[in-house]
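Student: I should like to work through the helix packing and the aromatic pairs of this structure. May we begin with the terms that the reasoning requires?

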Amino acid sequence: MKNEIITGLMLPFLGTSAGSACVFFMKRGLSRNVQRMLSGFAAGVMTAASVWSLIIPAMELAEGMGRLSFIPAVAGFWFGVLFLLLLDTIIPHLHMNAEKAEGMPSKLARTTMMVLAVTLHNIPEGMAVGIVYAGLLQGTEEMSSGGAFALALGIAIQNFPEGAIISMPLRAEGKKKSAAFCGGVLSGAVEPAGAILTILFSSLILPAMPYLLSFAAGAMIYVVVEELIPEISEGEHSNIGVLMFSVGFTLMMALDTALG
């Protein structure tokens, strides 16, 4: 069980690191269509994970409430949305292809704010993996090792292109390859850190598990709608982002069903 949990917690981080390493092998930056494809894929994975791996288990855990079993899911979801909205408002960050930074006014370097944008994106993913493994560790019946691994694997798969999305623009901004790689890796470090903290407090959070699962789902959906979908739709019209969203969604749905 211990090795299984360590593997699950590290998978998303390894996915980001592997994607960031693309900066050593790719000479050119990512084209606009490739960026759309990767953002669409990530959005599809995160949306499916929010439903199958987080919201549905949250409602199953609250089945004792009968017809009101949706309340923890609804409350947790809104807390997640508002939490990411708060971070989005406070932390200075710069989204891909954007000229103007968001968050509090800051004199941080453009490249630093680009890393912070992806780090914000990764916070709910780390929380989601940590909460699911915390439930598994505490013997929650609704959590299976296969389902937890499916979530970690799905996030790791979508983190691979995400790592490239951050390291390649950093390189294009003039950073050395090693610095661009480190920037990508750093953006993903928040995931295992957050997941490990969640595991450490697993015994305390168990009663609030339905709320926490849906909290992570709300935070992830906020990222999808606020960041990824606009990136898919920017510029000249293209359907490639929508098609890759569908690929990511069905892949994550299949993984959760097959392994869960």
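Tutor: Angles between helix axes over 145 degrees count as roughly antiparallel, and those under 35 degrees as roughly parallel. Please bear in mind that this is a predicted model.

Student: How are H1 and H7 oriented to each other, roughly parallel or roughly antiparallel?

Tutor: Helix H1 (residues 2-20) packs with H7 at an angle of about 170°, and the two axes are 8 Å apart. Angles over 145 degrees fall in one class. H1 and H7 are therefore roughly antiparallel.

Student: Which residues of H7 make the contact with H1, and how many residues of the contact are charged?

Tutor: On the H1 side stand Leu9, Met10, Pro12, Phe13 and Thr16, and H7 provides Glu191, Pro192, Ala195, Ile196 and Ile199. By class, the contact of H1 with H7 has eight nonpolar residues and one polar residue, and the number of charged residues is one.

Student: What is the handedness of the crossing of H4 and H7?

Tutor: The axes of helix H4 (residues 110-137) and helix H7 (residues 190-200) come within 7 Å and cross at roughly 35°. The crossing of H4 and H7 is right-handed.

Student: How many nonpolar residues are in the contact of H4 with H7?

Tutor: Among the H4 residues that take part are Ile123, Gly126, Gly130 and Ala134, and they are met by H7 residues including Val190, Gly194 and Thr198. The contact of H4 with H7 holds two charged and six polar residues, and its nonpolar residues number eight.

Student: How many aromatic pairs are there, and of what kind is the pair of Trp52 and Phe249?

Tutor: The count comes to four aromatic pairs. For Trp52 and Phe249 the ring centres are 5.6 Å apart and the planes stand at 80°. Planes over 60 degrees apart define the class, so the pair of Trp52 and Phe249 is edge-to-face.

Student: How many residues apart in sequence are the parts that this pair ties together?

Tutor: Trp52 lies in helix H2 (residues 32-61), whereas Phe249 lies in helix H10 (residues 240-259). Trp52 is partly exposed at 26% relative accessible area, and Phe249 is partly exposed at 22%. The parts tied together are apart in sequence by 197 residues.

Student: Of what kind is the pair of Phe83 and Phe215?

Tutor: The ring centres of Phe83 and Phe215 are 5.5 Å apart, with the planes at 45°. This pair links helix H3 (residues 70-90), which holds Phe83, to helix H9 (residues 209-233), which holds Phe215, 132 residues apart. An angle neither under 30 nor over 60 degrees leaves one class, so the pair of Phe83 and Phe215 is tilted.

Student: Is Phe215 buried or exposed?

Tutor: Phe83 has a relative accessibility of 30% and counts as partly exposed. Phe215 has a relative accessibility of 15%. The limit for the class is under 20%, so Phe215 is buried.

Student: Which residues does Ser69 touch, leaving aside those up to four places away in sequence?

Tutor: Ser69 is found in the loop between H2 and H3. With a relative accessible area of 14%, Ser69 is buried. Beyond four places in sequence, the residues touched by Ser69 are Met59, Ala62 and Glu63.

Student: What separates the C-alpha atoms of Glu234 and Arg32?

Tutor: Glu234 is placed in the loop between H9 and H10, and Glu234 is partly exposed at 29% relative accessible area. Glu234 and Arg32 are 202 residues apart along the chain, and their C-alpha atoms are separated by 9.2 Å.

Key
Residues are numbered from 1 along each chain as its sequence is written. This is a predicted model: local features need pLDDT of at least 70, side-chain atom pairs count only at pLDDT 80 or more; totals for chains, interfaces and linings use all residues. Side-chain values use heavy atoms; hydrogens and water are left out. Rings of Phe, Tyr and Trp (its six-membered ring) pair if their centres lie within 6.5 Å; planes under 30 degrees apart count as stacked, over 60 as edge-to-face and the rest as tilted. Helices (H or I, at least four residues) and strands (E, at least two) are DSSP runs, numbered from the N terminus. Buried means under 20% relative accessible area, exposed over 50%, partly exposed in between (1.4 Å probe, protein chains only). Contact means heavy atoms within 4.5 Å. Axes are lines fitted to C-alpha atoms, for helices over the stretch in contact, and angles run from 0 to 180 degrees between N-to-C directions. A crossing is left-handed if the near helix is turned anticlockwise from the far one by less than a right angle, and right-handed if clockwise. Ala, Val, Leu, Ile, Met, Phe, Trp, Tyr, Cys and Pro count as nonpolar, Asp, Glu, Lys and Arg as charged, and the others, Gly among them, as polar. Angles under 35 degrees count as roughly parallel, over 145 as roughly antiparallel, 65 to 115 as roughly perpendicular and the rest as oblique.
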